[in-house]
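Work through the exercises below with the sequence and the coordinates open side by side. Each exercise sets a task and then gives a solution that proceeds step by step.

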Amino acid sequence: MLSSLFVSCAVALAAAAPSGAVPAGAAPAVSPDFNVPATSSSELPDWEDHIDGSVYDYTATMAPETPYNFDYSNLLLGKLFMARPKPEGGSNVSLTFEDALKVIKGIDELSRGVQKIFYLVGWQYDGHDWKYPAFFEFNEALKRPQDATAADSYRWLREEAKKYNTTISVHVLLGDAYENSPLWEHYLKNGFICRDKDGKPTPLAVFNGQQVYNVNNTAEWKKGALQDRLTKLIELCDLKDAGTVHFDAFFGRPSPYDNLTALQMEETLRKVMRWLRSNGIDLTAEFFHNTERVDPFYGLQACAWWDDRTPYERVSMPKGLADGGNIGRFRRWDKDIFLFGDAYGAETDFNFVDRPGHTWGQAWNEARQGIATQLIPMLYYRQSKPVSYDDKAEKVIYENGIVADWGKRTVTHGDLLLRDHDNTFFPLVQTKDKKPEIMAYSKEGYTDRTWTLPADWRKVSSVKVLPLTENGFGKATTLPVKNGAVTLSLQPNSIVILQKH
């Protein structure tokens, strides 16, 4: 029996979730002359299914059903946008595999060796949103010149990234189907495409000039076709070694022609998550809610790229149950990012395809700000549990005395001021050499600003100050400690690291 908390949550979400709604801007309905073959999936043998599809009652334990491979509450969860298909054919490349390693190295420097997971977007065929439901070939435009194939370059990147505290995995969509896919005719013929009440394939939207349809994941699962393509993905991308994979738009889509509702499709999605865990792989997905789910999959889905939980959910849930990567949706929720921190996704900063004229210099400027004002505060907050959220006062209080105050734009820890607007002064939770460090950052810059040091720093007579960029440390200087405080001057959008001298 589900607890009343979970039931009330599910009822509320069900009321908010549109049944089979088509997103704004979606393509018009399929034309009447669309050639729909008679389905023959009944001729295929059913897969012997022993996977549980029931709702997981996370409230019974407030823990995941099966322990995850990673502590998603204490890492940088990012994506790297690799490529998008060109309308005329070919691939519009944002990052090659070599470029991706450049980003990883720089972010490892700026984050001082924080554990990281990066999912590659647009790694397959000609790029992002292309030829689904197939994802069986690497994008050859991304390979290194010295490698025979893009697959070789991918495996090179995965191994090199490990040297920089980084796990590489992939981003795919499980529920999208394109007419240019090598699987299209097979999926259409066998009833693996969602259909409206008249039996026509259900259009979703138009991406990259191609009409997109919904995959009937339930029919696909029943015949073992879904398991087959996931097995191929696991083998192709070494996902058992990665231990994690990301599914975008992981929602249940209805198929009225097959009398399948979105809720019934969600049962299949729970089977998928449990099947992946049986293969040693965590699933992260785009959202927990996004109005298109009834079940947020807490305790099954390891992490959400966009953490669309309410502040009250974040306060009530222990870390490690269902963590979020990036607060809110599309970077619009500045208040929640300030109050809870954010895993700094990096994807937008290093997307050179969808941001014409964007430069590497601008990307690194954005990365410095994102790491210093989102990731580092998040890691500091998550040393302890949030105990209260006051919506009226716009304030979060953590159990060890950290107070994040959006109204004042300050973060304090006892007598320490850790943040004043976009000027930060956070002790680091993770460092490369395991020694105490403080990261100071300023967006606008300042001259002769005094910061009180943590108690265990106040007996030192001086501190070493090292400028930090994506290339590592600059020339160190030494500053005196007076009355337990240090006085700094910072250039705009700059980071320095303080070490005990």
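The exercises that follow concern a predicted model, and they move from helix packing to charged pairs, aromatic rings and backbone geometry.

**Exercise 1. Helix packing**

Describe how helix α2 packs against helix α11, and state which residues make the contact.

Solution. Two packed helices are described by the angle between their axes and the distance between the axes. Begin with these two values: α2, which covers residues 97-110, and α11, which covers residues 360-381, pack at an angle of about 40°, and their axes are 11 Å apart. Next comes the handedness, and here the crossing of α2 past α11 is right-handed. The third step is to list the residues in contact: α2 contributes D99, K102, V103, G106, I107 and L110, while α11 contributes W360, W364, A367, R368 and I371. Finally, sort these contact residues of α2 and α11 by character, which gives seven nonpolar, one polar and three charged.

**Exercise 2. Salt bridges**

Find how many salt bridges the structure holds, then examine the pair D354 and R84 and the bridges that D307 forms with R309 and R314.

Solution. Side chains of opposite charge can pair when their charged atoms come close. The count for the structure is 32 salt bridges. In the first pair to be examined, the side chains of D354 and R84 meet with an N to O distance of 2.7 Å. To place this pair, note that D354 lies in the loop between α10 (334-340) and α11, whereas R84 lies in strand β2 (residues 83-85), so that the bridge links distant parts of the chain, 270 residues apart. D354 has a relative accessible area of 39%, and it is therefore classed as partly exposed.

Turn now to D307. With R309, the closest N and O atoms of the salt bridge are 2.9 Å apart, and with R314 the corresponding distance is 3.3 Å. To judge the surroundings, apply the cut-off under which a residue is buried, namely under 20% relative accessible area. D307 has 0% relative accessibility and is therefore buried; R309 is buried as well, with a relative accessible area of 5%, and R314, at 5%, also counts as buried. Elsewhere, D108, E109, K116 and K432 are linked in a network of salt bridges.

**Exercise 3. Aromatic pairs**

Classify the ring pair F70 and Y72 and the ring pair F340 and Y389 by their geometry.

Solution. The structure has 28 aromatic pairs. For F70 and Y72, the ring centres are 5.8 Å apart and the planes stand at 65°; because planes over 60 degrees apart count as edge-to-face, this pair is edge-to-face. Both partners are buried, F70 with a relative accessible area of 17% and Y72 with a relative accessible area of 2%.

For F340 and Y389, the distance is 6.4 Å centre to centre and the angle between the planes is 35°, which makes the pair tilted. Their positions show a link between distant parts of the chain, since F340 belongs to helix α10 and Y389 to strand β13 (residues 386-390), 49 residues apart. F340 is buried at 6% relative accessibility, and Y389 is buried at 10%. A cluster is also present, in which ring pairs link F97, W123, F138 and Y154.

**Exercise 4. Backbone geometry**

Locate the cis peptide bond between Y132 and P133, and decide whether N259 and N493 are buried or exposed.

Solution. Most residues other than glycine have a negative phi, and most peptide bonds are trans. The bond joining Y132 and P133 is cis, with omega about 10°, and P133 is placed in the loop between β4 (116-121) and α3 (150-162). N259 has a positive phi near 55° although it is a residue other than glycine, and it is found in the loop between β9 (244-248) and α8 (262-278). N493, again not a glycine, has a positive phi of about 55°, and it lies in the loop between β24 (485-490) and β25 (494-500). The accessibilities then settle the question: N259, at 64%, counts as exposed, whereas N493, with a relative accessible area of 15%, is buried.

Definitions and conventions:
Residues numbered from 1 in each chain as written. Predicted model: local features only at pLDDT ≥ 70, side-chain atom pairs only at ≥ 80, totals over all residues. Heavy atoms only, no water. Axes fitted to C-alpha atoms, helices over the stretch in contact; angles between N-to-C directions. Helix = DSSP H or I, 4+ residues; strand = E, 2+ residues; numbered from the N terminus. Left-handed = near helix turned anticlockwise from the far one by under 90°. Contact = heavy atoms within 4.5 Å. Nonpolar A, V, L, I, M, F, W, Y, C, P; charged D, E, K, R; others polar. Salt bridge = Lys/Arg side-chain N within 4 Å of Asp/Glu carboxyl O. Buried < 20%, exposed > 50% of the residue type's maximum accessible area, 1.4 Å probe, protein only. Phe/Tyr/Trp six-rings, centres within 6.5 Å; stacked < 30°, edge-to-face > 60°.
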